[in-house]
Amino acid sequence: NAEYMGGSPLFQFVRGEHPMRRAASGAYSFQPLPTEEPEPSPRTEGTVAQHRERRIVQSEIKSSLPLQICLYYNAIYSPVFFMLLVVTFHYKLTVFKVDAAFVIVLPVLLAVWSGVEISRLWFGYIGNLREKVPQITAFWLLTVVPSFPLVIVFLALPVMVLPLERAVCIVMMMFQIAEIVLGFRAVRHMIYVQTARFFLRNAPSVAPLPESPR
């Protein structure tokens, strides 16, 4: 049967009608797949940038090492400062004639300063090590008022100021000035990082955040 034989694969191959024969002779042209990757959309780019920003924010250490060093040495120096002021106060009472107001006011100021100093150092340690904004803010505020003004009052009392008092008060003022500056920077940086975390959790597909203030 010629019609049947003409439709068989063997005869199609011989006559060049079989698909394999056409492919071998160039009748079919094979186009290679595109190798270029599609350009990322703006939403994809924003998501990648936000993922990078999230990883940086979550892995960044926000505690201030210089502030922690100041707090450590300040915690050692504060008891020495208190005891030296008590000793000089007792010396003035026994050697000089002082007013009754001074005898009442100075112990009250020392008691207030010691209570504020304990709370201030505790807030500083907890806030800086555990990265707590309320505690580190309370530490900074207690350093500005009333701890630092009280040290100035001890240094400027109307009664004779001994060289020992002047020396210990100046050292304490240097500690507190450094803590005011470093504490302000630590508070600002912690607020930025925690704001960035909140921002990334609630808006994960927006543009990257600005750089951290220093």
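**An aromatic cluster, a surface patch and two backbone features**

F81 is buried, with a relative accessible area of 0%, in what is a predicted model. This residue belongs to helix α5, which spans residues 65-95 and also contains Y77; the two are four residues apart, and are therefore separated by about one helical turn. Y77 is likewise buried, because its relative accessible area of 16% falls under the 20% limit that is applied to buried residues.

Y77 also takes part in an aromatic pair with F175, in which the rings lie 5.8 Å centre to centre with 35° between the planes, a tilted arrangement. Since Y77 is in helix α5 while F175 is in helix α8 (residues 163-202), this pair ties together parts that are 98 residues apart in sequence. F175 is buried, as is Y77.

These contacts are part of a wider set, for the structure holds nine aromatic pairs. Among them is the pair of Y77 and F81, whose ring centres are 6.3 Å apart and whose planes meet at 40°, so that this pair, too, is tilted. In such descriptions, a pair of aromatic rings is characterised by the distance of the centres and the angle of the planes. Taken together, Y77, F81, W113, F154 and F175 form one aromatic cluster.

From the cluster we can turn to the surface, where L93, V103, I104, V105, V108 and V112 form a nonpolar patch whose accessible area comes to about 460 Å² together. The element that gives the most to this patch is helix α6 (residues 100-129), which supplies five residues. V112 lies in helix α6, and with a relative accessible area of 39% V112 is partly exposed. That value allows V112 to count towards the patch, because patches are made of residues with over 30% relative accessible area and no salt bridge.

Two features of the backbone remain, and they are best read against the general rule that most residues other than glycine have a negative phi, and that most peptide bonds are trans. E131 is placed in the loop between α6 and α7, and its phi is near 60°, a positive value in a residue other than glycine. With a relative accessibility of 22%, E131 counts as partly exposed. The other feature is the peptide bond joining V145 and P146, which is cis, with omega at about 10°. P146 lies in helix α7, which covers residues 133-155.

How values were computed
Residues are numbered from 1 along each chain as its sequence is written. This is a predicted model: local features need pLDDT of at least 70, side-chain atom pairs count only at pLDDT 80 or more; totals for chains, interfaces and linings use all residues. Side-chain values use heavy atoms; hydrogens and water are left out. Patches are made of residues with over 30% relative accessible area and no salt bridge: like charges are joined within 9 Å, nonpolar side chains (Val, Leu, Ile, Met, Phe, Trp, Tyr) within 5 Å. Accessible areas come from the Shrake-Rupley method with a 1.4 Å probe; for residues, only the protein chains shown count as cover. A salt bridge is a side-chain nitrogen of Lys or Arg within 4 Å of a carboxyl oxygen of Asp or Glu. Buried means under 20% relative accessible area, exposed over 50%, partly exposed in between (1.4 Å probe, protein chains only). Rings of Phe, Tyr and Trp (its six-membered ring) pair if their centres lie within 6.5 Å; planes under 30 degrees apart count as stacked, over 60 as edge-to-face and the rest as tilted.
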